[in-house]
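This report walks through one protein structure together with its ligand. Please look over the sequence and the 3D view before reading on.

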Amino acid sequence: MSSDFPYAIEPLEEKENDAIRKDFTGYLSGAVRVQPQGYFFQGIYRQYAHRYYNLSLRPTDVFVASYPKSGTTWTQELVWLLIHNLDYEGAKVPLDDRFPFVEADHVLDALVFQRPELKAKMKSTPEPGERLAQVTKLEDPRCIKTHMPFSLLPPKILDTCKVIYVARDPRDVVVSYYHHHRMWITHGFQGDFRAFFDYFLKDQVMWSPFWDHLREAWERRSHPNLLILTYDQLKEDLPAVIRKVAGFLGKEVSQEEIENLTKHLHFDSMKSNPAVNAVAEASTGLLDLKEGGFVRKGKSGGWKDYFEEDMKERFHAWMAEKGGSLPKEFKWMK
Ligand code: A3P
């Protein structure tokens with residue numbers, strides 16, 4: 001703990017870390033928890049925590065925040081196009097360059113700088129702190145992606161800039177996150193779905209615990225600079241979400257523009273769009289587009305094909321215990 005980062009960062013028990021290093025070949029620096037909630041990160045997060053917490057903000061910044069696999073990329077593309085007055089030509093630049101992931105460095109470093117054999121496989125290798133530097137150099141208005149919960153972000157974030165938080169049914173999240181962990185060599189998950197499910201329920205995957213993450217956003221819901229969306233809302237009525245986000249960002253959009261944007265954001269169109277489907281990242285060697293690709297299935301309720309009876313029960317008990325105080329607005333709580 002220090003004056004520029006107010007929370008204690010504690011390593012996991014050595015036995016737990018040994019198991020994690022074996023099952024997640026990308027988690028080389030082991031894992032830590034940030035107290036009091038116990039947010040789970042790779043050990044390398046220690047080197048970056050204070051830099052993320054003290055990130056210099058601008059009033060024109062717009063953040064898209066989420067727990068991973070909640071529809072972040074989908075929301076980012078929507079937000080970027082609204083902010084940039086529907087510049088579809090500009091949107092051909094890879095999303096990661098237009099809308100950088102502020103804490104990407106702490107995921108990449110572990111891989112690139114501690115495993116030379118993987119470095120050799122990579123077509124290009126990121127420098128430490130490169131992604132954070134990219135955020136600081138970005139021209140206004142900056143669009144910034146984060147998976148950090150509010151408590152680990154700059155405390156004045158909502159008083160300074162706008163944040164759009166997107167949430168998804170954790171059952172679909174765990175399935176999507178499992179495939180994600182197998183695809184990215186920065187995670188390198190070696191096990192099957194059941195093994196990943198166990199880690200998820202123990203909050204032993206990056207950016208967990210899921211429920212605290214969501215609760216932190218929900219507690220700030222009345223702040224005028226926060227808009228909370230859900231993946232289901234995007235699925236059920238994308239034009240309505242576009243209208244809502246445009247209103248939040250102070251942008252006017254015509255009916256025709258909404259229709260065009262709805263088409264651009266359609267699952268099939270996102271799946272074949274190289275600027276958003278992680279083809280650029282795959283070309284560096286960072287991920288292998290197996291497991292159905294980055295824009296994978298795009299369904300709500302796909303978890304039913306993965307959960308066995310005992311898993312449904314365990315998940316339900318976990319939801320009831322940890323998410324119980326969250327409201328019915330989150331559909332999956334019903
Ligand atoms: P699945 O793996 O369930 O298919 P994130 O961007 O937060 O990592 O979330 C990724 C999830 O959003 C993936 O879910 C991906 O397929 C889904 N997704 C991305 N674009 C989408 C779209 N246009 N329509 C529906 N789902 C989309």
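The text below covers the ligand site, the nonpolar core, one helix and one loop residue.

**The ligand site**

The model is predicted. Around the ligand there are 18 residues, and the closest of them are Thr72, Thr73, Ser176, Lys297 and Gly298. By residue type, this shell divides into 7 nonpolar, 7 polar and 4 charged residues. Two helices, H3 (72–83) and H15 (267–271), each supply at least two residues of the shell. The largest share comes from H3, with 3 residues.

Polar contacts of the ligand include those in the table.

| Protein side | Ligand atom | Distance |
|---|---|---|
| Ser176, polar side-chain atom | oxygen | 2.6 Å |
| Gly71, polar backbone atom | oxygen | 3.1 Å |
| Trp74, N or O atom in the side chain | nitrogen | 3.1 Å |

On its own, the ligand has 570 Å² of accessible area, and the protein covers 97% of that area.

**The nonpolar core**

The largest nonpolar core holds 114 residues. Which residues have the most contacts inside this core? They are Ile164, Phe200 and Val245. For Val245, the contacts beyond four places in sequence are Leu78, Val79, Leu82, Ile164, Leu227 and Leu229. Ile164 is thus listed both among the residues with the most core contacts and among the contacts of Val245.

**Helix H10**

Phe200, another of the core residues named above, belongs to helix H10, which spans residues 193–201. In H10, the buried residues are Phe193, Phe196, Phe197, Tyr199, Phe200 and Leu201. Their cover includes four helices: H1 (14–23), H9 (170–183), H11 and H17 (309–323). Just after H10 comes Asp203, with a positive phi of about 60°.

**Asn225 in a loop**

Helix H11, part of the cover over H10, spans residues 210–219, and the loop between H11 and strand E7 (226–230) contains Asn225. Is Asn225 buried or exposed? Asn225 counts as buried because its relative accessibility is 18%, and buried means under 20%.

A polar atom of the Asn225 side chain lies 2.8 Å from the backbone oxygen of Leu158. Leu158 is also one of the residues that Asn225 touches beyond four places in sequence. The others are Asp159, Cys161, Lys162, Val163 and Phe248.

Note on methods:
Residues numbered from 1 in each chain as written. Predicted model: local features only at pLDDT ≥ 70, side-chain atom pairs only at ≥ 80, totals over all residues. Heavy atoms only, no water. Near = heavy atom within 4 Å. Polar contact = N/O pair within 3.5 Å; in protein donor to acceptor, adjacent residues only side chain to side chain. Areas by Shrake-Rupley, 256 points an atom, 1.4 Å probe, with all protein chains shown as cover. Nonpolar A, V, L, I, M, F, W, Y, C, P; charged D, E, K, R; others polar. Core = buried A, V, L, I, M, F, W, Y, C linked by side-chain atoms within 4.5 Å. Buried < 20%, exposed > 50% of the residue type's maximum accessible area, 1.4 Å probe, protein only. Contact = heavy atoms within 4.5 Å.
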